[in-house]
Amino acid sequence: MSEMYQKEITMTTQYVPPEWAFEFHAHECPFMPIGYRMGKLALEFLGVEKEADHGFFVFPELGEGHPQTCMMDGMQIATGATYGKVMIAKTFYGKLAATFYHPQKGAVRYSLLPDFIDAMGKFEFFVYRKKGIEPSHIPLEVRREVIQWVYDQPDKVLFKVEAKPDFTYTPVKGSFNKTKCSVCGEYVFDRYVRTKDGQPVCIPCSGYEKPVLIER
Ligand SMILES: [Zn+2]
Ligand SMILES: [Zn+2]
């Protein structure tokens with residue numbers, strides 16, 4: 001019996017990220033697979049397939065400056081609600097949870113249970129992480145040990161699941177309209193056009209707001 005076959009038969013979850021997911025994420029860690037599993041379970045809960053276009057939203061409650069944000073790559077990979085399609089936006093609550101929303105099917109929130117987080121935190125992987133060692137520099141067997149353990153845990157050990165029947169979200173109305181900035185000459189989509197001396201300008205040329213806008 002090969003090692004791979006042995007691994008497969010011990011896995012409790014069928015929602016294991018494909019190889020390309022790890023290539024996209026660029027390292028092997030336990031959190032991308034947890035986010036992937038969350039996303040797959042949310043699709044299953046809501047009865048929808050991976051989203052091809054713009055019909056599925058993910059609102060992770062993560063923020064920045066804390067660990068475990070890798071989950072968000074897994075959520076995108078599983079659901080198709082990607083950053084580039086503007087289907088995912090953080091709430092900056094600093095919590096290990098996310099709400100998944102389909103306008104016709106409703107919403108569900110998945111959060112990681114504190115006992116699961118505590119149990120996972122005992123793995124050697126986190127001894128390295130707390131020393132500031134990046135995942136790709138942690139020995140592969142140390143990473144795979146915790147990843148395999150996560151695969152082996154039943155869903156109810158990982159997640160609290162809450163249907164959110166009252167959840168609604170209205171995305172901004174899209175428009176193709178764009179204007180050339182009268183200062184730099186570059187195109188700017190109309191919802192971001194500002195006016196200076198009666199002329200259309202982009203935000204950096206307007207002087208109205210800080211020149212680099214970061215999602216907050
Ligand atoms: Zn990661
Ligand atoms: Zn400009």
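**Pocket, overall architecture and helix 3 of the predicted model**

The largest pocket encloses about 550 Å³ of space. Its lining is formed by 14 residues, of which Lys85, Val86, Met87, Pro171 and Val172 are the closest to the pocket centre. Sorted by class, the lining comprises 10 nonpolar, 2 polar and 2 charged residues. The structure described here is a predicted model.

At the level of the whole protein, 9 helices and 8 strands were assigned. Along the principal axes, the C-alpha atoms occupy a box of roughly 75 × 40 × 30 Å. The protein contains 216 residues, and 39% of them are buried. The exposed surface amounts to about 12800 Å², with 53% of this area supplied by carbon and sulfur atoms. Among contacts with a sequence separation of 6 or more, 65% are between residues that lie 24 or more positions apart.

Helix 3 was examined individually. This helix covers residues 31–46, and its 16 residues should span 22 Å at 1.5 Å a residue; the C-alpha atoms at its ends are 22 Å apart, so the expected and computed values agree. Helix 3 is also mostly covered, since 13 of its 16 residues are buried, that is, they have under 20% relative accessible area. In an α-helix there are 3.6 residues a turn, and therefore residues three or four places apart point the same way. Gly47 follows helix 3 and has a positive phi, near 70°.

Notes. Residues numbered from 1 in each chain as written. Chains lettered and ligands numbered in written order. Predicted model: local features only at pLDDT ≥ 70, side-chain atom pairs only at ≥ 80, totals over all residues. Heavy atoms only, no water. 1 Å grid on protein atoms, 1.4 Å probe; cavity = no way out; pocket = protein on both sides within 12 Å on 5 of 7 lines; lining within 4 Å. Points joined across faces, edges and corners; volume = space filled by probe spheres on them. Nonpolar A, V, L, I, M, F, W, Y, C, P; charged D, E, K, R; others polar. Helix = DSSP H or I, 4+ residues; strand = E, 2+ residues; numbered from the N terminus. Buried < 20%, exposed > 50% of the residue type's maximum accessible area, 1.4 Å probe, protein only. Contact = heavy atoms within 4.5 Å. Areas by Shrake-Rupley, 256 points an atom, 1.4 Å probe, with all protein chains shown as cover. Expected span 1.5 Å × (residues − 1).
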